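User: I am new to this structure and would like a close look at a single part of it. Please take one helix and its surroundings, and then say briefly what else can be located from there.

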Amino acid sequence: MRITHVDTALLRVPLQQRTITDSQSTVTHVEFLQVVLRTDQGLTGYGMNWSYTPGLRTAQVAVQENYAPVLLGKDPVFRKQLVRECFFTNHFIGRVGATRVGLAAVEYALWDLACKQANLPLWRYLGACRDRVKAYSTDGGWLSWSESDLVRDCVALVERGFDAVKVKLGRPDPREDLRRIAAVRKAVGPGIDIMTDVNCAWTLATGKQYGSRLHEFDVKWLEEPMKPEDVTMHAELARAIQTPIAVGETLFTREAFRDYIAAGAVHYVQADATKLLGIDEWLEVAALAASYNLPVVPHTNVQHKLHVQLAAATPNCIMVENCYESLHDLWEEPIGVVDGHYQMPEQPGVGLQIRAAAIAAHRIG
Ligand code: MG
């Protein structure tokens, strides 16, 4: 099999729900880059990446100008070699960042071709350890929600069947964060997991003073308390408070995860295949975490179909985040959550093909 065409589409899709915020961002739209690899055997591989800030046009140019010349005429079975060759076309200007994001989309398209050749969905192709994947929801816990909306939406998620919900922290006054967590805990009762997420807004001092009180509300984890570049600071906080630390959505290499894990600075490994260099590197990070007996819970919003399949094939991947539900029907063969568990995709492939109608409606490049 040879790759004959490398096509891309850039989309900007509005969120069909209230404007949502965390401590760093206000999200109204999500950009998608779809990468399509056509072959001389009639199989087509689809990959994608995403961002809720503008900028994927840079990734699109990297795919078109750097990666397409490497891929054209090649056999996709040499995925690892092709990704390595593509990676070094950006050695001096893009070992991480938009170029890596674009290359991850290519990597999924190569995996998609392999799965389709085998006529299996990714999770069956990898070898499964489970046939249903637990979901936890972030859609009720946004920072812009009033306390009463926050409580109402978290209770509604529990009534839908979720037994784990996440609440954003990082209000200007951290005492307000504690009051909001206390209100949610009181409303959902003791049997529900509550996770918290600061999105990097705190200092070490704030983490020690207020993060140390989260265990009073039996919080399952404290996510991204501080800027991700500082492993030492996270290790110090991890030693200082009782609540476990979760990080990963802004770590872009397996070496970054190695440093966090080896330092004891993370307890829940939130590896995101769309931020790492695709599925191969995600599997490496999951195996690394397993060797330290650490659970993996991938950061997820629009890439749930990918992470659900990886979770079904990864024993230490205990659940997958669920949010941006209004975008779930963007995909061919969308999957939903029933009784707190994701439905499994059964079409052969990785499952990242965006519906033609959605591309037509939202294409910007
Ligand atoms: Mg997060």
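Analyst: Two helices of this predicted model, α3 and α10, are roughly perpendicular to each other, because their axes cross at roughly 95° and angles from 65 to 115 degrees count as roughly perpendicular. Helix α3 covers residues 98-118 and helix α10 covers residues 279-291. Their axes come within 8 Å.

On the side of α3, the contact is made by Arg100, Glu107, Tyr108 and Trp111. On the side of α10, Ile279, Asp280, Glu281 and Leu283 take part. By type, the residues of this contact divide into four nonpolar and four charged, with no polar ones.

Helix α10 is the part to look at in detail. The helix has 13 residues, and at 1.5 Å a residue these should span 18 Å. The C-alpha atoms at its ends are 18 Å apart, so the expected span and the model agree.

Which residues of α10 are buried? They are Ile279, Asp280, Glu281, Trp282, Val285, Ala286 and Ala289. In an α-helix there are 3.6 residues a turn, so residues three or four places apart point the same way. The cover over the buried residues of α10 includes the helices α2 (79-88), α3, α4 (122-126), α9 (254-262) and α11 (304-312), together with the strand β11 (268-269). Just after α10, asparagine 293 has a positive phi of about 60°.

Elsewhere in the model there is a metal site. A magnesium ion is coordinated by Asp197 through OD and by Glu223 and Glu249 through OE, at 2.0 to 2.2 Å. Along the chain, the spacing of these donors is D-x25-E-x25-E. Aspartate 197 lies in strand β8 (residues 193-197) and glutamate 223 in strand β9 (residues 219-223), so placed that the pair, 26 residues apart, links distant parts of the chain. Both aspartate 197 and glutamate 223 are buried.

A last point of reference is valine 155, in helix α5 (residues 147-160). Is valine 155 buried or partly exposed? Its relative accessibility is 23%, and therefore valine 155 counts as partly exposed, since buried means under 20%. Apart from its neighbours within four places in sequence, valine 155 is in contact with Ala187 and Val188. Threonine 8 is 147 residues from valine 155 in sequence, and their C-alpha atoms are 41 Å apart in space.

Key: Residues are numbered from 1 along each chain as its sequence is written. This is a predicted model: local features need pLDDT of at least 70, side-chain atom pairs count only at pLDDT 80 or more; totals for chains, interfaces and linings use all residues. Side-chain values use heavy atoms; hydrogens and water are left out. Donors are N, O and S atoms within 2.8 Å of the metal (3.2 Å for Na, K and Ca); water is not among the atoms, so sites may look incomplete. Helices (H or I, at least four residues) and strands (E, at least two) are DSSP runs, numbered from the N terminus. Buried means under 20% relative accessible area, exposed over 50%, partly exposed in between (1.4 Å probe, protein chains only). Axes are lines fitted to C-alpha atoms, for helices over the stretch in contact, and angles run from 0 to 180 degrees between N-to-C directions. Angles under 35 degrees count as roughly parallel, over 145 as roughly antiparallel, 65 to 115 as roughly perpendicular and the rest as oblique. Contact means heavy atoms within 4.5 Å. Ala, Val, Leu, Ile, Met, Phe, Trp, Tyr, Cys and Pro count as nonpolar, Asp, Glu, Lys and Arg as charged, and the others, Gly among them, as polar. The expected span of a helix is 1.5 Å times one less than its number of residues.
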